[in-house]
Amino acid sequence: MAILEVKNIGKQFDSTMVLNDVSFSLEEGNALAIIGSSGSGKTTLLRCLNFLETPDKGTISVKGETLFDAAMPLKEQEKALRTKRLHFGMVFQSFNLFPQYTALENVMLAEKLLAKERADFKQNKKEIYAKIEEHGIELLAEMGLADRMSHYPHQLSGGQQQRVAIARALALKPDILCFDEPTSALDPELTGEVLKVIRGLAEQKTTMIIVTHEMAFARDVSDQLIFMDDGVIVEQGEPKQVIDHPREERTKQFLTRYAQG
């Protein structure tokens, strides 16, 4: 059974149709790569899935529960919006870490804010925070940052900052982890360390959606691949088939231009 079902998502900014009837599904434990030129709608699609943008049409369902239906009244769409967002973790291009917090504090922040809503928070604050800290330490250790937990973002390399951002996204145990061009802001020598982490998550069967320009990585790590152009899904399927033997002319043109560039 699919963990994610996206049906007929549409999004328009002014007179520009950015997403046009986008539909796909994702199985639990699988990694989906999304490729395409700048402006093809990839990032807008991720933002719609994370409810950072509101689609104009379509539905989004996770684990059989409809989280968004454009046919619903606006108040219904906005109801429990934060709870809906918890199904997704988002790793941005530019890290978006809070500069005033250490790596560990950045990872712990969202869990600590949520903990304050617990009925037993006042009575068990110390124990709850201790567990959150333990979880944060474990996540940063998994990212290879056991010796960087007390460092502030400006004391970390770009690759280290992105790994902190990944740990932060994992902290709330999302159903689906989303990456928006996770290496685009990195120097080439730092790209490998972030891709290694994502590769490890794929091997652990973390359900992921990865918008990327790293074609070889997309082919080798993902279970499913989508090529988008001009707001539509042009081609989707098994990654090696789409990249090595594309069926659609627009896909062939994109991959030819990419190889030449």
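Is Gly-144 buried, partly exposed or exposed? Gly-144 counts as partly exposed, because its relative accessibility is 47% and the partly exposed class lies between 20% and 50%. The model is predicted. The points below cover its nonpolar cores, a helix pair, the six-stranded open sheet, helix H1 and several loop residues.

**Nonpolar cores**

- The largest nonpolar core contains 40 residues.
- Within this core, the residues with the most contacts are Leu-140, Ile-166, Phe-179 and Met-208.
- At least two residues of this core come from each of the helices H4 (103-115), H5 (121-142), H6 (158-171), H7 (188-203) and H8 (215-221).
- Strands E7 (176-180) and E8 (208-211) also each supply at least two residues of this core.
- Apart from this core lies another one, of 27 residues, including Ile-9, Leu-19, Ile-34 and Phe-88.
- Leaving aside neighbours within four places in sequence, Met-208 is in contact with Leu-26, Asn-30, Ala-31 and Leu-32, among others.
- The contacts of Met-208 also include Leu-177, Phe-179, Ile-198, Leu-201 and Ala-202.

**Helices H4 and H5**

- The axes of H4 and H5 come within 9 Å, with a crossing angle of roughly 145 degrees.
- The crossing of H4 past H5 is right-handed.
- On the H4 side, the contact is made by Ala-103, Leu-104, Val-107, Met-108, Glu-111, Lys-112 and Ala-115.
- An α-helix has 3.6 residues a turn, so residues three or four places apart point the same way.
- On the H5 side, the contact residues are Phe-121, Ile-128, Tyr-129, Ile-132, Glu-133, His-135, Gly-136, Ile-137, Leu-139 and Leu-140.
- By class, the residues of the contact of H4 with H5 are 12 nonpolar, two polar and three charged.
- Leu-140, listed on the H5 side of this contact, is also among the residues with the most contacts inside the largest nonpolar core.

**Open sheet**

- Six strands form an open sheet in the order E6-E7-E8-E3-E9-E10, and the pairing is mixed.
- Strand E6 (88-91) and strand E10 (232-237) are the edge strands, each pairing on one side only.
- From one strand to the next, the twist averages 20 degrees.
- H7 packs on the sheet and touches E7 and E8.
- The direction of H7 makes about 150 degrees with that of E8.
- E10 runs antiparallel to strand E9 (residues 224-229), and five bridges join the two.
- Ile-226 has Gln-236 in E10 as its bridge partner.
- E9 and E10 form a hairpin with two residues between them.
- Asp-230, in the turn of this hairpin, has a positive phi of about 55 degrees.

**Helix H1 and Thr-44**

- H1 is mostly covered, with six of its eight residues buried.
- The buried residues of H1 are Lys-42, Thr-44, Leu-45, Leu-46, Cys-48 and Leu-49.
- Thr-44 lies in H1, which spans residues 42-49.
- Thr-44 counts as buried because its relative accessible area is 14%, and the cut-off for buried is under 20%.
- Neighbours within four places in sequence aside, Thr-44 is in contact with Lys-11, Phe-13, Val-18 and Leu-19.
- Leu-19, a contact of Thr-44, belongs to the core of 27 residues.
- Phe-51, just after H1, takes a positive phi of about 60 degrees.

**Loop residues**

- Gly-144 is in the loop between H5 and H6.
- Gly-144 and Val-164 are 20 residues apart along the chain, and their C-alpha atoms are separated by 9.7 Å.
- Asp-14 sits in the loop between strand E1 (2-13) and strand E2 (16-27).
- Although Asp-14 is a residue other than glycine, its phi is positive, near 55 degrees.
- Asp-14 counts as exposed because its relative accessible area is 78%, and exposed means over 50%.
- Asn-96 is placed in the loop between E6 and H4.
- Asn-96 is not a glycine, yet its phi is positive at about 55 degrees.
- Asn-96 is partly exposed, with 39% relative accessibility.

Terms used:
Residues are numbered from 1 along each chain as its sequence is written. This is a predicted model: local features need pLDDT of at least 70, side-chain atom pairs count only at pLDDT 80 or more; totals for chains, interfaces and linings use all residues. Side-chain values use heavy atoms; hydrogens and water are left out. A nonpolar core is a set of buried Ala, Val, Leu, Ile, Met, Phe, Trp, Tyr and Cys residues joined through side-chain atoms within 4.5 Å. Buried means under 20% relative accessible area, exposed over 50%, partly exposed in between (1.4 Å probe, protein chains only). Helices (H or I, at least four residues) and strands (E, at least two) are DSSP runs, numbered from the N terminus. Contact means heavy atoms within 4.5 Å. Axes are lines fitted to C-alpha atoms, for helices over the stretch in contact, and angles run from 0 to 180 degrees between N-to-C directions. A crossing is left-handed if the near helix is turned anticlockwise from the far one by less than a right angle, and right-handed if clockwise. Ala, Val, Leu, Ile, Met, Phe, Trp, Tyr, Cys and Pro count as nonpolar, Asp, Glu, Lys and Arg as charged, and the others, Gly among them, as polar. Two strands pair if DSSP finds at least two bridges between them.
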